[in-house]
Amino acid sequence: MENKKIIIAIDGYSSCGKSTFAKALAARLGYIFIDTGAMYRAVTLYAMREGIADRPQAVVDALPKIEIAFRFNPESGRSEVYLNGENVEREIRRIDVSNRVSTISSIPEVRVKLVALQQAMGEARGVVMDGRDIGTVVFPNAELKIFMTADPRVRAERRYKELLAKGEEVSLADIEKNVRERDRQDETRAVSPLRRAEDAVVLDNSHMTVEEQMEWVDGLLKKLL
């Protein structure tokens with residue numbers, strides 16, 4: 001499974017472990033992992049810092065000033081997102097950013113800018129990319145498309161534990177409310193709504209460990225690589 005390079009598109013709902021799964025898969029294959037959700041979170045963080053998160057046109061006007069890049073951190077063993085040269089990996093995971101990211105990502109011009117950047121990142125292939133519209137918009141011809149889902153309550157509990165581990169004081173009820181609201185926004189937005197590509201394979205990981213998910217995807221990869 002080491003010679004042929006493909007594009008693996010992973011879409012699905014928020015907080016269902018797409019990034020964890022994608023990182024593990026990329027490491028397994030020696031591929032580059034690109035967290036597109038982190039890119040939208042970076043734009044959201046920029047807008048919040050500038051006080052323009054509630055002004056879509058101001059966000060659009062600011063897009064030329066926003067540079068996003070991924071750099072590998074040998075200490076953490078993963079790629080981390082940089083906003084205009086600053087490592088914002090921790091800041092973009094805050095709940096206040098989570099509460100605004102769906103609104104910012106629904107701005108058409110934001111999606112156009114980031115989709116073009118994502119497509120450029122994947123030109124060399126050998127990429128695992130996760131997000132909301134990778135298999136439908138960014139890479140509709142990806143060789144492997146996976147659509148991930150999990151019970152909203154399970155997703156909220158995972159997010160809750162993750163934030164607690166980072167020392168943040170959060171409410172499980174607030175997290176679940178945020179998860180369900182993001183689902184609604186993602187499914188109903190006018191531009192690139194969340195939907196499963198016709199040729200995507202569904203992975204419901206509500207009760208699966210990462211190791212079990214890797215075993216599941218190995219069966220698919222054997223047919224492709």
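**Close-up views of a predicted model**

**Figure 1. The whole chain, with nine helices and eight strands.** The radius of gyration is 17 Å, close to the 17 Å that the globule rule gives for 225 residues, so the chain is as compact as a globular protein of that length. Keep in mind that this is a predicted model. Along its principal axes, the C-alpha trace spans about 50 × 40 × 35 Å. Buried residues account for 50% of the 225 in the chain. Take the contacts between residues at least 6 apart in sequence: 73% of them join residues at least 24 apart.

**Figure 2. The outside of the chain and its charges.** About 10900 Å² of the chain is exposed, and carbon and sulfur atoms supply 49% of that. On the charge side, there are 35 positive and 36 negative side chains. The centres of these two sets lie 1 Å apart.

**Figure 3. Arg 93, in the loop between β5 and α4.** β5 covers residues 86-87 and α4 covers 95-105, with Arg 93 in the loop that links them. Is this arginine buried or exposed? Its relative accessible area is 13%, and the cut-off for buried is under 20%, so Arg 93 counts as buried. Look for its side chain meeting that of Asp 35 in a polar contact of 3.0 Å. Leaving aside residues up to four places away in sequence, Arg 93 also touches Ala 38, Arg 41, Ser 98, Arg 159, Leu 163 and Lys 166.

**Figure 4. Arg 189, in the loop between α8 and β8.** Here the loop runs between α8 (172-188) and β8 (201-204). Arg 189 is buried too, with a relative accessible area of 8%. Which side chain makes a polar contact with that of Arg 189? That would be Asp 186, at 3.1 Å. If you skip residues up to four places away in sequence, the ones Arg 189 touches are Ser 105, Ser 106, Arg 111, Arg 132 and Leu 194.

**Figure 5. Val 59, a buried residue in helix α3.** Helix α3 takes in residues 56-62, and Val 59 sits within it. Relative accessibility is just 2% for this valine, so it counts as buried. What does Val 59 touch, not counting residues up to four places away in sequence? The list is Val 43, Ala 47, Ile 52, Ile 104, Ile 107 and Val 110. For a sense of scale, pick out Leu 144: Val 59 and Leu 144 are 85 residues apart in sequence. In space, C-alpha to C-alpha, Val 59 and Leu 144 are 33 Å apart.

Conventions. Residues numbered from 1 in each chain as written. Predicted model: local features only at pLDDT ≥ 70, side-chain atom pairs only at ≥ 80, totals over all residues. Heavy atoms only, no water. Helix = DSSP H or I, 4+ residues; strand = E, 2+ residues; numbered from the N terminus. Rg over C-alpha atoms; globule rule 2.2 N^0.38 Å. Buried < 20%, exposed > 50% of the residue type's maximum accessible area, 1.4 Å probe, protein only. Contact = heavy atoms within 4.5 Å. Areas by Shrake-Rupley, 256 points an atom, 1.4 Å probe, with all protein chains shown as cover. Lys, Arg positive; Asp, Glu negative; His and termini not counted. Charge placed at Lys NZ, Arg CZ, Asp CG, Glu CD. Polar contact = N/O pair within 3.5 Å; in protein donor to acceptor, adjacent residues only side chain to side chain.
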